[in-house]
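Let's take a walk through this structure together. Have the sequence and the 3D view open as you read.

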Amino acid sequence: MNWFRPKPRKVALVLGGGGARGLAHIGIINVLDREGFKPDLVVGTSMGAIVGAAYALRIPISKMALMATSVGWTDIFDPTLPKLGLIEGEKMEKIIAGILENRTFHDAAIPLAVVTTDIENAEEVVFTQGDLVKAVRASCSWPGIFNPVRCDGRLVVDGGIMNSVPVAIAKKFGADFIVACDVGFCVTKGVKIDNILRLIMQSFQIMGEELNTFQSKAADIIVEPDLDNIDQVAFDKATQIIAMGEQAAEKMVPALKKALRLKKNRTQAVIPAKAGNH
C-alpha cells in the first residue's frame, strides 16, 4: 500500500554514483520497499543506474545482493590498448546484462531514467528507451578508465561527470517530491599519487564530492549512509556497504513518512546515518 499522500504527487527516487559505495543503494531500497514506499519515477547515474534499473525492473533484491557480493573488481577488468580507456568494458556489460536479465526499458514496472554524459559535446544525455544494458554500461563508464560507449550517435560516459546525484533530472521529468540517495565519495588527503589509475580515481572523488555538496541538497529527503573511509573500488566490502545503506534508510523512514503527509511548508530533511550509527 502506498503511503498516504494528501494530494497527487510525482515522487521520484534518485540514486547517485559512487562506485562500490553505490552498493549501499541496495540496502536503502530494500528498506524502502519493505516499508511500502512506491516511487513514480527512478533516476540513476553510474552505480545508481545499475541498482535503479534492477529496482525498476523488479529484479529481486536478494539477487542484487548476491551479485554485489560475488562480483569483484577483477571480474570487470579487461584491459585494452589505451586509446580512449584503459579497460574495454565488455566484461562489465556482460555482468550488467546478467543482473538486468537482458530486459529493456519497456519491461520496467516503474518509469526509469538512466543518466549519462556526452563527452564530446559536454551535454547530459538521459535514456528512457532504447538499449537499456548499453545505456547503463555507459552511465558507469568512468572516462579514462573504461572505454566510452557509442549510443544513438553520441559518445557517452559516466553520468556522474555532470550529475553525481541527478536530482535536477528528476525535476525535469516532473517530480515534485524527491528522495535522493547520496553515498558520497572517499576523498583521501595526503595520498601518494604514484600511478595513472590512482590519479584518475582521486580526480573523480574530488569532483564527485564537490558536485554532491549542492546537487543532492535540492531533494526533499536525502539518505546519506555513513561509509567512513570505504572507497569507490572496495567491492570486497559489499556486505558491509549494503548493511550501512539499510541502517541509513531505517533512520530516515519516519521523516520520509512524515514529509509525504505534510500539506504545506514541506522542508528538506537530511538524515545522515552517522548521527545514530553504532
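What follows starts with the whole chain, then turns to the cores, the helices and a few residues in loops.

A word on ground rules: this is a predicted model, in which local features need pLDDT of at least 70, side-chain atom pairs count only at pLDDT 80 or more, and totals for chains, interfaces and linings use all residues. Residues are numbered from 1 along each chain as its sequence is written, and side-chain values use heavy atoms, with hydrogens and water left out.

Let's begin with the overall picture. The protein chain holds eight helices and 11 strands; these are DSSP runs, numbered from the N terminus, with helices being H or I of at least four residues and strands E of at least two. The chain has 278 residues, and 54% of them count as buried. Here, buried means under 20% relative accessible area, exposed means over 50%, and partly exposed is in between (1.4 Å probe, protein chains only). As for the surface, about 12,300 Å² is accessible, and carbon and sulfur atoms account for 55% of that. Those areas come from the Shrake-Rupley method with a 1.4 Å probe, and for residues only the protein chains shown count as cover.

How does the chain meet itself? Take the contacts between residues at least 6 apart in sequence: 77% of them join residues at least 24 apart. A contact means heavy atoms within 4.5 Å.

Now for the inside. The largest nonpolar core has 74 residues, and Leu13, Leu23, Leu100, Val114, Leu132, Val136 and Leu256 are the ones with the most contacts inside it. Helix α8 gives this core its largest share, 11 residues. There's also a second, separate core of 15 residues, with Val14, Ile169, Ala170 and Ile178 among them. Such a core is a set of buried Ala, Val, Leu, Ile, Met, Phe, Trp, Tyr and Cys residues joined through side-chain atoms within 4.5 Å. To get a feel for the bigger core, zoom in on Leu132: setting aside neighbours within four places in sequence, Leu132 touches Ala53, Leu57, Leu100, Arg103, Thr104, Phe105, Leu112 and Val114.

Next, the helices. Eight of the 11 residues of α1 (residues 24-34) are buried, so this helix is largely enclosed by the rest of the structure. The buried ones are Ala24, His25, Ile26, Gly27, Ile28, Ile29, Val31 and Leu32, and they pack against β1 (11-15), α2, α3, β9 (177-181), β10 (221-224) and α8. After α1 comes Gly36, with a positive phi near 90°.

Helix α2 is mostly covered too, with 10 of its 10 residues buried. Reading along, they are Met47, Gly48, Ala49, Ile50, Val51, Gly52, Ala53, Ala54, Tyr55 and Ala56. Just past α2 sits Arg58, in the loop between α2 (47-56) and α3. Its phi is near 65°, a positive value in a residue other than glycine. Arg58 counts as partly exposed because its relative accessibility is 37%.

What about α3 and its partner? Two packed helices are described by the angle between their axes and the distance between the axes. For α3 (residues 61-70) and α8 (residues 238-261), the angle is about 140° and the axes are 8 Å apart. The two helices are therefore oblique to each other. At this meeting point, Ala65, Ala68 and Thr69 in α3 face Ala238, Thr239 and Ile242 in α8. By class, that makes four nonpolar, two polar and no charged residues. For the terms just used, axes are lines fitted to C-alpha atoms, for helices over the stretch in contact, and angles run from 0 to 180 degrees between N-to-C directions. Angles under 35 degrees count as roughly parallel, over 145 as roughly antiparallel, 65 to 115 as roughly perpendicular and the rest as oblique. Ala, Val, Leu, Ile, Met, Phe, Trp, Tyr, Cys and Pro count as nonpolar, Asp, Glu, Lys and Arg as charged, and the others, Gly among them, as polar.

Last stop: α4. Its buried residues are Met92, Glu93, Ile95, Ile96, Ala97 and Ile99, and they pack against α2, α3, α5 (132-139) and β6 (144-146). Ile99 has a relative accessible area of 12%. Leaving out neighbours within four places in sequence, Ile99 is in contact with Ile50, Ala54, Ile59, Lys63 and Met67. Beyond α4, look for Asn102 in the loop between α4 (90-99) and β4 (112-118). Asn102 is exposed, at 60% relative accessible area, and its phi is positive, near 55°.
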